[in-house]
Amino acid sequence: MVFDQSLILAAVLALAFSFAAASDPSPLQDFCVAIDDPANALFVNGKFCKNPNMVTANDFFFSGLQNPGNTSNRVGSNVTQVTVAQLAGLNTLGISMVRIDYAPYGLNPPHTHPRATEILLVLEGTLYVGFVTSNPNNTLFTKVLNAGDVFVFPEGLIHFQFNVGKTNAIAFAALSSQNPGVITIANAVFGSKPPISVDVLTKAFQVDKNVIDYLQAQFWVDNNN
């Protein structure tokens, strides 16, 4: 029997679409452990929804990004977040934003957003920004940005911003998740609680134990608010 190639193609496409449609939803938090008894459940993937009859305009409103963040910390930067934790109306909308303030030579340290792509707009100052691709190439892409310039950091990749100017800098960024998450690399590796085994870190970084002891003894700043 000779089959119509167009029918075969249609069947294959339909099968592929069914697999795509059946994929799991994207996570909106670090983890969501299953539980059999709903009475003991505390969280969903995201946030519970408010009764629509009780929603007001204030549920979609946030005020405060006009105020500069406090950059008097060891890295010289401050990230003011507007995620679903600060603005309940963002729930299920897949978007959030931040204001980032930088002191002169302030750094937003290398970090990742496990659930979001970030697009950054510089309002004031000059920033040296960049991101690193995944293994095996680990290619570094960098750019110097001035006021009005835009740069995008792909989802999940390590990236940073450094104020190379002698004056304060300000940037705003939009992220493609209501809860993008932040993993600051140094904080996670050397400041975890409980600490990662020294044997693991000396092997991973190929350095002496004293170096790891020193790094784990530091106070690792969280510049996200």
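## Two cis prolines

Let's start with Pro136, which sits in the loop between β5 and β6 (140-145). In this predicted model, the peptide bond joining Asn135 to Pro136 is cis, with omega at about 5 degrees.

There is also a cis bond between Lys193 and Pro194, and here omega is about -5 degrees. Pro194 belongs to the loop between α2 and α3 (198-205).

## Positive phi away from glycine

Which way does the backbone turn at Thr92, to positive or negative phi? Phi is near 75 degrees at Thr92, so to speak a positive value in a residue that isn't glycine. Thr92 is part of the loop between β1 (77-82) and β2 (96-102). Its relative accessible area is 59%, and because exposed means over 50%, Thr92 counts as exposed.

Tyr105 also has a positive phi without being glycine, with a value near 65 degrees. You'll find Tyr105 in the loop between β2 and β3 (107-112). With 45% relative accessibility, Tyr105 is classed as partly exposed.

## Ring pairs

How many aromatic pairs does the model hold? The count comes to 6. One of them brings Tyr128 and Phe160 together: the centres are 5.6 Å apart and the planes make an angle of 50 degrees, a tilted arrangement. Tyr128 comes from strand β5 (residues 127-132) and Phe160 from strand β8 (residues 158-163), so this pair links distant parts of the chain, 32 residues apart. On the accessibility side, Phe160 is buried at 13% relative accessible area, whereas Tyr128 is partly exposed at 28%.

Then there's Phe190 with Trp220. Why does this pair count as stacked? The ring centres lie 6.0 Å apart and the planes meet at 25 degrees; stacked needs under 30 degrees, so the pair qualifies. Phe190 is in helix α2 (residues 185-190), while Trp220 is in the segment after α4 (209-216), so the pair ties together parts 30 residues apart in sequence. Buried or exposed, where does Phe190 fall? Phe190 is buried, at 11% relative accessibility. Trp220, at 26%, is partly exposed.

Ring pairs also build a cluster, made up of Phe131, Phe141, Phe151 and Phe153.

## A buried serine in β1

Now for Ser77, which is in strand β1. Why does Ser77 count as buried? Its relative accessible area is 0%, and the cut-off for buried is under 20%, so Ser77 falls on the buried side.

What does the side chain of Ser77 reach? One partner is the backbone oxygen of Leu107, at 2.7 Å. Another is the side chain of Asn223, which makes a polar contact of 2.7 Å with the side chain of Ser77.

Leaving out residues up to four places away in sequence, Ser77 touches Asn70, Thr71, Asp101, Tyr102, Leu107, Asn108, Pro109 and Asn223. Leu107 and Asn223, the two polar partners just described, are both on that list.

Methods. Residues are numbered from 1 along each chain as its sequence is written. This is a predicted model: local features need pLDDT of at least 70, side-chain atom pairs count only at pLDDT 80 or more; totals for chains, interfaces and linings use all residues. Side-chain values use heavy atoms; hydrogens and water are left out. Rings of Phe, Tyr and Trp (its six-membered ring) pair if their centres lie within 6.5 Å; planes under 30 degrees apart count as stacked, over 60 as edge-to-face and the rest as tilted. Helices (H or I, at least four residues) and strands (E, at least two) are DSSP runs, numbered from the N terminus. Buried means under 20% relative accessible area, exposed over 50%, partly exposed in between (1.4 Å probe, protein chains only). A polar contact is a pair of N or O atoms within 3.5 Å; within protein, one must be able to donate a hydrogen and the other to accept it, and residues adjacent in sequence count only if both atoms are side-chain atoms. Contact means heavy atoms within 4.5 Å.
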